[in-house]
Amino acid sequence: MTTTSRVREGLEQLSIELPSWAFGNSGTRFKVFRHAGVPRGPFEKVLDAAIVHRVTGAAPSIALHIPWDRVDDYRELAAHAAEHGMRLGAINANTFQDEDYRLGSVAHPDPAIRRKAVAHLFECIDVMDATGSTDLKLWFADGTNYPGQDSIAGRQQRLAESLAETYERLGPTQRMLLEYKLFEPAFYTTDVPDWGTAYVHCSQLGERAKVVLDTGHHALATNIEFIVTMLLRVDRLGGFDFNSRFYADDDLMVGAADPFQLFRIMHEIVTAGALDPGRGVVFMLDQSHNIEDKIPAVIRSVMNVQEATAKALLVDADALARAQRDGDVLTANAVLMDAFNTDVRPMLAECRAAAGIDPDPIAAYHRSGYADRIRRERDGGVGAGWGA
Ligand code: LRH
Ligand code: MN
């Protein structure tokens, strides 16, 4: 197999799931900037995701967030998505914006609040039953701000009970994806702060419970590709929330802050054969585009993942294995750096052209006139946001 065909085949396996909330107004605690033309609801978010897929050919599904994407008829939304070449993907629960969740949700000291939170998770499974989605994605803001505020062990026990009740409710082909985050909005303990805690809970729940790795959810200087390799080793990597950051959970375009880290992550994925959709690793974006145009930012993000993946597919695995076996440190490192330093953009443009897609997705988007059309059509009505 030639290198180009290896890269082309690998890229054909890669599909990226888009976050509905990346198309809506989002921001920081200081300001949510309103952009003209943002979608006013889930049906328009699907249309924005569809044009990203049209110009990249690599983003056939969109993840929803409940209640941000709550509709009366989810089957109608799924049909609308299919009509535009899209599939509804992971269903994200939200137990971090209700007044009752000040001290937590699924780990809250008050059993009534925990029941309310679990009822919301059940609602999300009902949505999955209606949309045909297989993944219930759970991120909890739950934690404490001060030592002594609550029992660390007690919260873990409550969390485990709430997760077990929810796992029980899943259908036989449905998965629970548990996402961890080191801190924010909790600043002393977070109940699911790291991959180890997420892994412990998932392994106690059952084989359809997997860990989600959000690239913005670690302490600075964390070797994320090491965590990727470990979770693959125990078959507990359910997926990624891709984005990039310079400091904390910045939610910037994936690959923008650290393209080398993204390459190293995709190198571990390719080496483990986990690009194969059959391995069940979902490549999702989780970003918020506060100051930049949202749709081109999402297109750029998809292209960044494609570029990192193409470079990872270029790694000469035999030469690398030989150098590693021989303890030839510099050669081994050089094999990887040669791939990373290869400009794969011409090859990607070729792959797109071969697939009947414009070699330059960003230019194709601008030429489509879509941006002007949505600015005109969506003038009036309230742009969707994340309601913080
Ligand atoms: C939490 C998080 C989670 C989503 C939210 C939009 O920081 O990464 O994945 O629910 O962002
Ligand atoms: Mn995330």
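**Figure 1. Strand β4, wrapped up inside a predicted model****.** Five of the five residues of β4 are buried, so this strand is largely enclosed by the rest of the structure. Look along β4 and you'll find D135, K137 and W139 pointing one way, with L136 and L138 pointing the other way. Both sets are buried, the charged-type names D135 and K137 included. Keep in mind that this is a predicted model.

**Figure 2. The strands β4 pairs with****.** β3 and β4 run parallel and are joined by two bridges. In this pairing, I91 stands opposite L136 of β4. β4 also pairs with β6, again in the parallel sense, over five bridges. Here L138 stands opposite L178, which belongs to β6. Between β3 and β4 comes α4, and the three together make a right-handed β-α-β unit.

**Figure 3. Strand β8, and which way its side chains go****.** β8 covers residues 209-214, and six of its six residues are buried, so the rest of the structure largely encloses it. A209, V211 and L213 point one way from the strand. K210, V212 and D214 point the other way, and these are buried too. A residue counts as buried here when its relative accessible area is under 20%.

**Figure 4. β8 with β6 and β9****.** Strand β6 (residues 175-179) pairs with β8 in the parallel sense, over four bridges. One contact to pick out is M176, whose bridge partner in β8 is A209. β8 pairs with strand β9 (residues 237-242) as well, also in the parallel sense and over four bridges. For L213, the bridge partner in β9 is F240. To get from β8 to β9 the chain goes through helix α7 (residues 224-233), and this β-α-β crossover is right-handed.

**Figure 5. The largest pocket****.** This pocket has a volume of about 1,500 Å³. It is lined by 48 residues, and the closest to its centre are F96, W139, K181, E184 and P185. W139 is a residue of β4 that you can also find in the first view, where it is buried and points the same way as D135 and K137. Two strands, β4 (135-139) and β5 (143-144), each supply at least two residues of the lining. β4 gives the most, with three residues. By residue type, the lining divides into 17 nonpolar, 16 polar and 15 charged.

**Figure 6. The second largest pocket****.** About 360 Å³ of space lies in this one. Its lining has 20 residues, and S15, E17, R87, D135 and V282 lie nearest the centre. Two strands, β3 (87-92) and β10 (282-285), give two or more residues to the lining. β3 gives the most, with four residues. Sorted by type, the lining comes to eight nonpolar, nine polar and three charged. D135 may look familiar, as this residue is also part of β4, where it is buried.

**Figure 7. V46 in helix α2****.** V46 sits in helix α2, which runs over residues 42-56. With a relative accessibility of 0%, V46 counts as buried. E17 is 29 residues away in sequence, and the C-alpha to C-alpha distance from V46 is 12 Å. You've met E17 already, among the residues nearest the centre of the second largest pocket.

**Figure 8. D110 in the loop ahead of α4****.** D110 lies in the loop between β3 and α4 (111-131). Its relative accessible area is 33%, so D110 is partly exposed. R158 is 48 residues from D110 along the chain, and their C-alpha atoms are separated by 9.9 Å.

**Figure 9. Stepping back to the whole chain****.** The secondary structure comes to 14 helices and ten strands. Along its principal axes, the C-alpha trace spans about 60 × 60 × 40 Å. A compact globule with 388 residues would have a radius of gyration near 21 Å, and this chain has 21 Å, which agrees. Buried residues make up 55% of the 388 residues.

Definitions and conventions:
Residues are numbered from 1 along each chain as its sequence is written. Chains are lettered from A and ligands numbered from 1 in the order in which they are written. This is a predicted model: local features need pLDDT of at least 70, side-chain atom pairs count only at pLDDT 80 or more; totals for chains, interfaces and linings use all residues. Side-chain values use heavy atoms; hydrogens and water are left out. On a 1 Å grid over the protein atoms alone, a cavity is a set of points where a 1.4 Å probe fits but cannot get out, and a pocket is an open set with protein on both sides within 12 Å along at least five of seven lines; lining residues have an atom within 4 Å of a point. Grid points are joined across faces, edges and corners, and a volume is the space filled by probe spheres set on the points. Buried means under 20% relative accessible area, exposed over 50%, partly exposed in between (1.4 Å probe, protein chains only). Two strands pair if DSSP finds at least two bridges between them. A crossover is right-handed if, with the strands pointing away from the viewer, the path from the first strand over the helix to the second runs clockwise. The radius of gyration is taken over C-alpha atoms; the globule rule is 2.2 Å times the number of residues to the power 0.38.
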